[in-house]
Amino acid sequence: MTARQFCLGWHWYPYGYARTVVDGDGAPVKAMPPWLAALGAAAAEAAGHAVEDTYDIALVNFYDADARMGMHRDSDEKSSAPVVSLSLGDTCVFRFGNTRTRTKPYTDVELRSGDLLVFGGPSRLAYHGVPRVLPGTAPPELGLTGRLNVTLRVSGLTEEGGPPAPADGPPSRAPLKP
Ligand SMILES: O=C(O)CCC(=O)C(=O)O
């Protein structure tokens with residue numbers, strides 16, 4: 001099982017971003033809310049990073065009890081601005097690794113509902129993933145079964161920076177990270 005994902009601002013697909021391609025319904029990607037962009041900037045700044053560009057991507061990941069996300073790097077952005085990650089709902093085991101390999105050394109930490117994680121600087125391209133969700137650990141007042149993660153990034157792309165939409169044929173759904 002993998003996390004289910006949708007995007008705001010730019011649509012992520014392996015290995016790039018687009019405004020209009022690959023959404024399940026073929027519709028252009030929904031706008032990035034300015035308040036979410038501001039939250040990303042404030043979080044990065046609070047963690048000691050000076051970010052001049054606007055946070056223009058949100059990846060929203062939903063994890064049910066069996067979902068996971070394989071070790072990967074967020075390396076499709078042209079900006080080196082830190083990644084800001086928010087967790088809501090069930091606690092997960094978040095695996096934070098190194099920049100060279102998907103394997104050890106890595107550190108497992110629990111991310112709980114309300115946690116915000118910033119990784120930038122020398123850790124910006126570290127491999128990371130979610131090997132496990134701890135079902136039933138969400139705060140009951142949220143009314144959420146599962147885990148939601150919102151990952152904020154700066155694309156560093158211009159309007160023209162995304163890849164071209166396919167000339168014809170139905171939009172394809174991007175495979176998710178394993
Ligand atoms: O769910 C998480 O905490 C990690 C999400 C993530 O790594 C990603 O969207 O690239």
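Visitor: What does the secondary structure of the chain come to?
Guide: Helices (H or I, at least four residues) and strands (E, at least two) are taken here as DSSP runs, numbered from the N terminus. This is a predicted model: local features need pLDDT of at least 70 and side-chain atom pairs count only at pLDDT 80 or more, while totals for chains, interfaces and linings use all residues. Residues are numbered from 1 along each chain as its sequence is written. On that basis the chain has one helix and eleven strands.

Visitor: In what order do the elements run from the N terminus on?
Guide: The chain has one helix and eleven strands. Read from the N terminus, their order is β-β-β-α-β-β-β-β-β-β-β-β.

Visitor: How far apart are the end C-alpha atoms of helix α1?
Guide: Helix α1 covers residues 34-46, which makes 13 residues. The expected span of a helix is 1.5 Å times one less than its number of residues, and for α1 this gives 18 Å. The model agrees with that, because the end C-alpha atoms of α1 are separated by 18 Å.

Visitor: Which residues in α1 are buried?
Guide: A residue counts as buried if 20 or more other C-beta atoms lie within 10 Å of its own, as exposed if 12 or fewer do, and as partly exposed in between, with C-beta atoms placed from the backbone. In α1, the buried residues are Gly40, Ala43 and Ala44.

Visitor: Why are Gly40, Ala43 and Ala44 on the same side of α1, and how wide an arc do they cover?
Guide: An α-helix has 3.6 residues a turn, so residues three or four places apart point the same way. In α1, Gly40, Ala43 and Ala44 are buried. They lie on the same side because the arc they cover around the axis (taken from the directions from the helix axis to the C-beta atoms) is only 100 degrees.

Visitor: Which residues are exposed on the other side of α1, and which strands do the buried residues pack against?
Guide: On the other side, Pro34, Trp35, Ala38 and Ala46 are exposed. The buried residues of α1 pack against β6 (83-89), β9 (116-119) and β11 (147-153).

Visitor: Which element gives the most to the largest nonpolar core?
Guide: A nonpolar core is a set of buried Ala, Val, Leu, Ile, Met, Phe, Trp, Tyr and Cys residues joined through C-beta atoms within 7 Å. The largest one has 21 residues, and those with the most contacts inside it are Cys7, Trp10, Trp12, Ile57 and Ala58. Two or more residues each come from β2 (11-13), β3 (16-18), α1, β4 and β6. The element that gives the most to this core, with three residues, is β4.

Visitor: With which residues is Cys7 in contact, leaving aside its neighbours within four places in sequence?
Guide: Two residues are in contact if their C-beta atoms, placed from the backbone, lie within 7 Å. Beyond the neighbours within four places in sequence, the contacts of Cys7 are Trp12, Val29, Ile57, Ala58 and Leu59.

Visitor: How do the residues of the shell around the ligand divide?
Guide: The shell holds residues whose C-beta atom, placed from the backbone, lies within 6 Å of the ligand; among them are Leu59, Asn61, Asp74, His128 and Thr151. The elements that give two or more residues to the shell are β4 (57-63), β10 (128-134) and β11. Ala, Val, Leu, Ile, Met, Phe, Trp, Tyr, Cys and Pro count as nonpolar, Asp, Glu, Lys and Arg as charged, and the others, Gly among them, as polar. By this scheme the shell has five nonpolar, five polar and one charged.

Visitor: Which residue does a cis peptide bond join to Pro14?
Guide: The residue in question is found in the loop between β2 and β3. The omega of this cis bond is about 10 degrees, and the partner of Pro14 is Tyr15.

Visitor: Is Thr99 buried or exposed?
Guide: Thr99 lies in the loop between β7 and β8. Leaving aside neighbours within four places in sequence, Thr99 is in contact with Leu125 and Ala126. Because Thr99 has 12 other C-beta atoms within 10 Å, it counts as exposed.

Visitor: How far apart in space are Ser123 and Val83, C-alpha to C-alpha?
Guide: Ser123 is found in the loop between β9 and β10 and is partly exposed, with 15 other C-beta atoms within 10 Å. Ser123 and Val83 are 40 residues apart in sequence, and their C-alpha atoms are separated by 9.7 Å.
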